[in-house]
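Q: Could you take me on a close look at a single part of this model, and show how it sits with what lies around it?

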Amino acid sequence: MEQNVRRVISILFVLFGVFSVIYALYLDIFDKDAGGRGILLIGGIFIIILGTYLLPSKKHTTIINVLFLLPLLAAFAITVIIPFICGIFYSFTNWNGIKFTEFVGLANYIEMFSSPDYLYSLLITFIFTILNMLSVNLAAFALALLCTSKVRGRNFYRAAFFLPNLIGGIVLGYVWQFIFNKVFTSFIAGSLSMLTDPNLALAAILIVSTWQYAGYIMMIYVTGLQGVPKDIIEASGVDGASGFKSLIKIKVPMIANTFTVCIFLTLVNSFKQFDLNFAITNGAPSRILGMKAIASTEFLALNIYNTAIAKNQYAQGQTKAVVFFIILAIVSLTQVSIGKKKEVEL
Amino acid sequence: MNSKRINRYIAELASMVLALIVLSPFVLVIFNSAKKSADIVISPVAPPLNWGQMLINMQNVINNQNFSYWKSFASSLFITVVTLVLLTVFSCMAAWVLVRNKTKWSGIIFMIFVAAMVIPFQVVMLPLLSTFREISSFTGIKLLSSYVGIIFAYLGFGGSMSVFILHGFIKGIPKELEEAAWIDGCSPEGTFFRVVFPLLKPVQMTILILNGIWIWNDYLLPSLMLGLNGRIKTLPVAVSSFVGSYVKQWDLILTAAFLAMIPIIILFLFAQRQIIQGMVEGAIK
C-alpha cells in the first residue's frame, strides 16, 4: 500500500517536472524574452531527478548510478567535451567567435604555417620549454639535495622554496616586472632594463619561471629521495663510497622514475606558460625579422590569446590552439609509452 | 671527518643564501608597499622610512574602483569554496560509480575523463565562450559574467583530474565494507554517504588543495568569462585590471600585489604540511 502511494507520488513528480521542462523549452523556442524560463527548466530537471530517486523500483541501484554520475558528467560534457569538438570543427571554418558562414578546409592551417610571427612563436616556445625544463630540474634537484641533507631548519627551507609556487603567476609577474625595471636597473646607474632586449627578456621569464616552479619540483624530488632506503646509503658509506659517488651511483638510478615524472611535468607546464609571459613582457620587446616587427617573447599560449582576443581572429586563434593541443598530446603519449616500457622491464 | 664538517657548513650557508634570494621578491614587495612613489625612485631596495605609509597606500588601493579589494576577495572566496564543495561531492560520487560498476560504459567514461586531462585550456576557451553564450540566450540562464557560469565551468575543468585521483584510491578500498552495509539493509546512496564518503578523507584533502590553489590563482578563465571590468572580479583579475589603469604607479601596484598575496600566505602558514603534501601527491598520481 505504502509502496503504491510512493510510486504515484514519484510518477506525479516526474510528470510535473517533464511538463515544466517542456513548457520552458517551448518558451525558449517561441518566446525568447519570457522571464523565469531558466528557473522553470532547472526546477523541472530537479523535480524529475527527485521523482526518479523516490521511485520504488528493482532498478534503484541503476537509477542511483546514473544520478551520481550525472552532475559531474554534465558539467564536464558542456565545458570540455562539446567546446573541444566544436573547436576542432571551427578550425576548418571562417568562425568569428559567434558564427561561421563557410568551410575553408585547411586554409586556416596553411595561413598559420605561412605566418612568420606564428613560426617564430613556435620556435621560441620550444626553446623556452627546453631551457626551462633544464633549469627548473637542475635547480629543483640541487635544492632537494640540500633539503634532505642534515641542514638545520630543513622544514623552514622547504616551505620557503615552495612559497612562490602558491602565488598566482599574474601577481608574481607584475612584481617581477617591477624588479627587472626598477630594482635591477638601480644597481647599475643608467643601465637599461633586461625587458628591453629580446634575448634578455627571454632570460628574465626563464629566471622567474625557475624561481616560481623549482620549489614545487623540489618537493617531488624530496619525496623520491626520502624513498631511497637509508641502509643502502649507509652500506655504500661503509664500503668507502664518497657522498658524491653514492649520489651518482645509488640515489640517481633509484629515483629514475621521479626524474621522468618531473621532466614531463616541467615540459608540459613550460609549454603551457601563459600567466608569467602575459604579466612580465606580454610579448615585448619586438624583434625585426625580414623587415617585419615580431613580438620576441610571445609564447604559443599568449600568441593564441592575442590572435583571438586582441586581433579578433577567432578561427585563426582556434586553429593555433588545435595545433597546440596536438603537440601536448604527443608529449603526453610519449610519457605514457615510456611509463609502459618501464613497467615491462620491472 | 673534517671535510664532512666543512661540507655541512657549506650546505648551511648555501641554504641560507638561497632562501634569502628566493624570499627577496616578497621582502621587496613589503618594503615598497610602505613607500611613497618618490621614495621608490630614490631607492627600491632600502627599507621604508615610515611604515605608516603602508596603511595609507592600502587605503588608497582597497577603495579603488578598479580593485575594490574586499569585493574581489569575497568573489574569489565564494567561487573557490562553492566549487570545491560541489566538486568534491560530485567527483567522489562519479568516481565511486565508475569503480564499483564494471561495465563497458563505465570503462569508456573513465577513459574519456583520463584522456581529457591532456586537453589544454586554450583549445576549449574560445568555443567555451560561444557555447555558454548560446546556452544563455537559449535558456535564459546567465552563464557569462555570473557566479553560476564560472562555478559550472570550474566543475567541468576540475572534474577529470579529481575523478582520476579518486578512481585510484577507491580501487584500493575493500569491497567488503560496502557489502556489509548493503546486507544490513543500507541503500546504495546510504552506503556511499555513510560508509564510503568518510573513508575518502585523505584524497579529498588532496583534491581540495590541488583545485583550490589552481582556482584561486587562475586568471585566464575568469578574465574571459567575467571580463576585466565586469560586475564580478576575482583577485587576479582585479590586480590585472588595477595594473592596467595605474601603469607604472609602483607604490600602489605593489600594495595591490601584497594585498592579493596575503590570504594565501596566511593559509600557507597554518596548513603548510597539508598544502605541500597535497600538491605533491596530486603531481605524482
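A: Happily! Residues 118–335 of chain A are 75% helix and 4% strand, and their end C-alpha atoms lie 26 Å apart in this predicted model. UniProt, in an unreviewed entry, lists this span as "domain: ABC transmembrane type-1".

The domain assignment of chain A puts domain 1 at 2–105 and domain 2 at 110–345. Between the C-alpha centres of domain 1 of chain A and domain 2 of chain A there are 42 Å. Where these two domains touch, domain 1 of chain A supplies 9 residues and domain 2 of chain A supplies 6 residues. On the domain 1 side of that contact you will find 6 polar and 3 nonpolar residues, with no charged ones.

Now for the partner chain. The contact between the chains takes 74 residues from chain A and 69 residues from chain B. Helix H1 of chain B (residues 2–32) gives the largest share of the chain B side, with 11 residues. That side of chain B divides into 51 nonpolar, 15 polar and 3 charged residues.

Chain B has its own record to compare with the model. An unreviewed UniProt entry places "transmembrane region" features at residues 9–31, 77–99, 108–129, 149–170, 191–216 and 252–271 of chain B. One of these, residues 9–31 of chain B, is 100% helix and 0% strand, with end C-alpha atoms 31 Å apart. Another, residues 252–271 of chain B, is 95% helix and 0% strand, and its end C-alpha atoms lie 30 Å apart.

Definitions and conventions: Residues are numbered from 1 along each chain as its sequence is written. Chains are lettered from A and ligands numbered from 1 in the order in which they are written. This is a predicted model: local features need pLDDT of at least 70, side-chain atom pairs count only at pLDDT 80 or more; totals for chains, interfaces and linings use all residues. UniProt positions are given in the numbering used here, feature names are shortened, and annotations may be inferred rather than shown by experiment. Helices (H or I, at least four residues) and strands (E, at least two) are DSSP runs, numbered from the N terminus. Domain bounds come from an automatic or database domain assignment. Two residues are in contact if their C-beta atoms, placed from the backbone, lie within 7 Å. Ala, Val, Leu, Ile, Met, Phe, Trp, Tyr, Cys and Pro count as nonpolar, Asp, Glu, Lys and Arg as charged, and the others, Gly among them, as polar.
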